[in-house]
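Biologist: I'm new to this one, so could you take me through a single part of it in detail? I'd like to hear about the second largest cavity: what lines it, and what kinds of residues are they?

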Amino acid sequence: MKNSILVAVCVILGMTNSFAQVKGDWKGTLAVQEGVSLDLIFHFTEKDGKLEGTMDVPAQGAVGLPLTEVKFENSLLTLFQSQAGIKYEGTWADHKIEGKFIQGGMELPLNLEKVIITKPGDTTLVSSTEDLVALASLADGNYKYKVEDYFAKPKSSSFQLSPNGRYLSYMEKDDHNKRHVMIKEVSTGKVALAIEEKQELIRGYGWINDSRLVYVMDKGGDENYHLYTVDLDGNNNVDLTPYDGVQASILSLLKEQKDFIIISMNKDNKQIFEPYKVNVNTGELVKLFTNDDPANPIAGYDFDKDGDLRGYSKMQNGINQQYFYKPQGADDFELFHTTKWDDSFSVLSFNYASENPDDAYVLTNLDSDKARIILYDFKTKKNLKEIYSNEDFDASILGLSRKRSWEIDYLGYEGEKVIIEPVSTAFKKIYANVSEEFPDHQFSITGKTDNEDQYLILVQSDKLYGKYYSYNASSGRLELLYDLMPQLKEEDMAEMRPIKFRTRDGLIVHGYITLPKVALEGEKVPLVVNPHGGPQGIRDSWGFNPETQLFASRGYATLQVNFRISGGYGKEFLRAGFKQIGRKAMDDVEDGVMYAIEQGWADKEKIAIYGGSHGGYATLMGLIKTPELYKAGVDYVGVSNIYTFFESFPEYWKPYKEMMKEIWYDLDNPEEAVIAKEASPVFHLDKIKAPLFVVQGANDPRVKITESDQIVEALRDKGVDVPYMVKYDEGHGFAKEANSIDFYKSMLGFFSKYLH
């Protein structure tokens, strides 16, 4: 009897020790084909005497895929993932596993090494993949369009012309959802790979000159952007900013000096940015100006076309803005004026058509409510003439022709829609030709040759995602290049209708409502209220919106309100929202909901609220402030606690903390600190009655994952239904296709559960 017990104990101990050999995180690289590899990460845990596991494929945005079965016996590891048809067999020896990966009749070697994977936040709070898949399944139905039809990235996109017009570049998506930059020679049609997207996303790219491209990447959405340059054939790839934890951006492309660009970096001090002139072939850097006062940082630089620094704006005590200018021929910069930080006085372009080098086109609202474009003489400090303004909206658009001696091509503003007014004879011809061809659409010039004989034009509307056309300036001929989303037919898409209404305290507020066809026929439909991010200076716009179109395809109307503090409506409207975030700004949103109900569009018993960033915060505040109004909410990378939000600012936000206090609340002021607590959702969770879906990017540098963790944990303790999606390869909003599709599928399931 004693021997039997001893044998049983030894067996159990043997199993425990055996499992201990493989428990944890293991990483390997799968060589899919020549030049293409995938990192795979497996996570093994023990539960009830059995091994369980999940698999990550970071390059494809797949995290936490559950393994169907995991076995480890006699040093042999066997695992299955039945959904993807995956099997793996490997032998453990000397803390490594050597084996083979089997899928679809293909066998590839895959060796695993043990690693320590640390994930941000509290991983125990995150909903399982199975639970989120089950949530998404609630929205299954017989619909003409799938989620993928709206959120799968176009096969080809981001078309650009080389300066000489010989080449057309674009991003092309492969079978693994990687978007590579391709170069097409226009005369021959020959296509070649210029930039290969690997594990990290190419966040943007562009032409520097006729033979060199620039592109931008970060790591997993951390927003520490690096700038790279490369030849058209993919050779001579140079990281211009090879520094950890540094954020870089382009200030000027320097058309007159084709081998150089001017960039901005916070290399020497993470809190402040300085300009550098960089050789795009060698990466050689020269600092152009020193920004050494974090308490009063330089916030913007004005370089002219020759790369000379002409002026800069500097924050003073966090709330004022000083502008320094150096007149032509002067040795030093002199203080030009001091204004409030929210006053507008910015150089759009120097007037190179003038004999006076100190003439500039300036966007200003110093002596008006709405921003105007004026011609200004910095030497005499005189307003020479007003170039453009609108009585209801901020002017914002100025187009110049470099080829035609810098004459003005067009001016404009964004009101209910973007309004472009042609000025030059050459542009009037372009505008007339395109407008006649597409009378109910908007168009934008996304590229042109240096000779301005060839243009790239993107045509869009509220029902058209976008079509690229080439335009020949001499013949006036338009030729279709590419339909970005041919699967979405305009006749099936919903109308986005501009609206305006008067708030409870008398403000005129603008916005948009996207209406399913049945709502146009008089049927009241469920409503998704979608407050925008920011909040200051940001606004919603008319045009194709994949979110609102997806919601409309499922029978939901979407309301977007440009509440007080939104941009484009003048400085008084902006300032009306200061220290009103979560309060009067929310009143505006609620008044918009009442307007939609009064118009007969919305079913007042079926209203949800969803938003990202500040919109996520507004979702939480909506559920707290008017709990009877909303049946459900979706908080996407949203602030939940103004106190912790301020404490967790990225380093490069810290110099602007005083400005943020004016926009949000001054936590050092006892009276405002009380208001900030009243406007922080985390302190009022007892008022939330409706179910909430929380979504977060783990690497978000702006709204840290703790903002979402604390909401999820506290509400679950109260018994509120809170599914929680976290993507560990994303930042402030999802950029990877697979992650976005997962998110929208789960959100539709969530809405289906609570709005039907």
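Modeller: One bit of vocabulary before we go in: Ala, Val, Leu, Ile, Met, Phe, Trp, Tyr, Cys and Pro count as nonpolar, Asp, Glu, Lys and Arg as charged, and the others, Gly among them, as polar. Keep in mind, too, that this is a predicted model.

Now for the cavity. Rolling a probe the size of a water molecule over the atoms shows where empty space is left. Searching the whole structure that way turns up three cavities of 30 Å³ or more, and the second largest holds about 40 Å³ of space. Its lining is made up of S313, Q321, Q322, Y323, H337, T339 and F345. Sort those residues by kind and you get five polar, two nonpolar and no charged. By the grouping I started with, Tyr and Phe count as nonpolar, so Y323 and F345 are the nonpolar pair in this lining.

Where do these residues sit along the chain? Two elements each give two or more residues to the lining: β24, spanning 320–325, and β25, spanning 334–340. β24 gives the most, with three residues. Going by the residue numbers, Q321, Q322 and Y323 fall within β24, while H337 and T339 fall within β25. So picture the second largest cavity as a space of about 40 Å³, with β24 as the biggest giver to its lining and no charged residue in that lining.

Key: Residues are numbered from 1 along each chain as its sequence is written. This is a predicted model: local features need pLDDT of at least 70, side-chain atom pairs count only at pLDDT 80 or more; totals for chains, interfaces and linings use all residues. Side-chain values use heavy atoms; hydrogens and water are left out. On a 1 Å grid over the protein atoms alone, a cavity is a set of points where a 1.4 Å probe fits but cannot get out, and a pocket is an open set with protein on both sides within 12 Å along at least five of seven lines; lining residues have an atom within 4 Å of a point. Grid points are joined across faces, edges and corners, and a volume is the space filled by probe spheres set on the points. Helices (H or I, at least four residues) and strands (E, at least two) are DSSP runs, numbered from the N terminus.
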